[in-house]
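Please open the model in a viewer and keep the sequence panel in sight. The tour below proceeds from the overall chain to individual selections.

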Amino acid sequence: MDKVDRILSQWRQQRPDLDVAPMGTIGRIKRLNQYLVRGMEKTWAAHGLNGASFDVLATLRRAGPPYALSPGALMESTMVTSGTMTHRIDQLEKAGLIERVKNPDDGRSFLISLSPQGHALIDKAVTDHVETQAQLVAALNDEQRSQLDALLSQLLREFEEG
């Protein structure tokens, strides 16, 4: 039994008229998210990053050469507001991890690009991040993880497509 099972047992005693099974699913996802984020935060911090800065740098890195995106594309990919993205860009630029460069396709706008220092940092950080994630899901074998991924993907699609 996990802690969620105990909560569900209490609800079943107090409110036997309710089907609290969905509470268990959501409660477990919520609790797991807290543990997973804490584990990843340690890895990001070891590289002087937090979740927000890692997210921007990783988004630029996975975009491929020239490792540059418009602020709008970064906002869309990271799902944050314009003000939040501006703050993140300003902080990363101050740290020397990104640069604002003229957009070669539109001289009136600019792109956000990984600096050489940012590129080197995110390559190290993402290597450690992937290792941390592997450790965080090590309780599952490959087949179990694949099954869980398929189920979570099915649930997520209901929100993203609906």
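Helices (H or I, at least four residues) and strands (E, at least two) are taken here as DSSP runs, numbered from the N terminus. On that basis, the elements of this predicted model follow the order α-α-α-β-α-α-β-β-α-α from the N terminus on. The total is seven helices and three strands.

**The whole chain**

Begin with a C-alpha trace of the entire protein. Its radius of gyration is 20 Å, well over the 15 Å that the globule rule gives for 162 residues, so the protein is more spread out than a compact globule. Aligned along the principal axes, the C-alpha atoms fill a box of roughly 65 × 35 × 30 Å. If the view is coloured by accessibility, 25% of the 162 residues count as buried.

Next, select Met 1, which is placed in the segment before α1 (3-14). Met 1 counts as exposed, because its relative accessibility is 74% and the cut-off for that class is over 50%. Add Gln 117 to the selection and draw a distance between the two C-alpha atoms: Met 1 and Gln 117 are 116 residues apart along the chain, and 47 Å separates them.

**The sheet**

Hide the helices and show the strands. How many strands does the open sheet have, and in what order do they lie? There are three, in the order β1-β3-β2, with antiparallel pairing. The edges are formed by β1 (68-69) and β2, each of which pairs on one side only.

Select residues 98-103 and 106-114 together. These are strands β2 and β3, paired in the antiparallel sense over six bridges. The connection from β2 to β3 is a hairpin of two residues. On the other pairing, β1 and β3 are also antiparallel, over two bridges.

Now centre on Ile 112. In β3, Ile 112 is the bridge partner of Leu 69, and Arg 100 stands opposite Ile 112 as well. As a reminder while inspecting these positions, side chains in a regular strand alternate between the two faces of the sheet.

**Salt bridges**

Switch to side-chain sticks for the charged residues. The count of salt bridges comes to eight, and several of them merit a stop.

Stay with Arg 100 and add Asp 90. The two form a salt bridge, with the closest N and O atoms 2.4 Å apart. Arg 100 lies in strand β2 and Asp 90 in helix α5 (residues 82-94), so the pair ties together parts that are ten residues apart in sequence. Arg 100 is partly exposed, with a relative accessible area of 33%. Asp 90 is likewise partly exposed, with a relative accessible area of 29%.

Move to Asp 106 and Arg 108. Their closest N and O atoms are 3.1 Å apart, and the pair forms a salt bridge. Are these residues exposed or partly exposed? Asp 106 counts as partly exposed at 25% relative accessibility, whereas Arg 108 is exposed, with a relative accessible area of 78%.

Then select Asp 2, Asp 5 and Arg 28, which are joined into one network by salt bridges that share partners.

The last stop among the ion pairs is Asp 17 with Arg 15. This salt bridge has its closest N and O atoms 2.7 Å apart. Asp 17 counts as exposed at 55% relative accessibility, and Arg 15 counts as partly exposed at 36%.

**The largest pocket**

Finally, restore the helices and turn on a surface. Rolling a probe the size of a water molecule over the atoms shows where empty space is left. The largest pocket has a volume of about 1,200 Å³. Its lining consists of 24 residues; select Ile 29, Asn 33, Leu 36, Asp 149 and Leu 152, which lie nearest the pocket centre.

Which elements give two or more residues to this lining? They are α2 (21-46), α6 (116-136) and α7 (142-161). Colour α7 separately, since α7 gives the most to the lining, with ten residues. Colouring the lining of the largest pocket by class shows 16 nonpolar, five polar and three charged residues.

Conventions:
Residues numbered from 1 in each chain as written. Predicted model: local features only at pLDDT ≥ 70, side-chain atom pairs only at ≥ 80, totals over all residues. Heavy atoms only, no water. Pairing = 2+ DSSP bridges. 1 Å grid on protein atoms, 1.4 Å probe; cavity = no way out; pocket = protein on both sides within 12 Å on 5 of 7 lines; lining within 4 Å. Points joined across faces, edges and corners; volume = space filled by probe spheres on them. Nonpolar A, V, L, I, M, F, W, Y, C, P; charged D, E, K, R; others polar. Salt bridge = Lys/Arg side-chain N within 4 Å of Asp/Glu carboxyl O. Buried < 20%, exposed > 50% of the residue type's maximum accessible area, 1.4 Å probe, protein only. Rg over C-alpha atoms; globule rule 2.2 N^0.38 Å.
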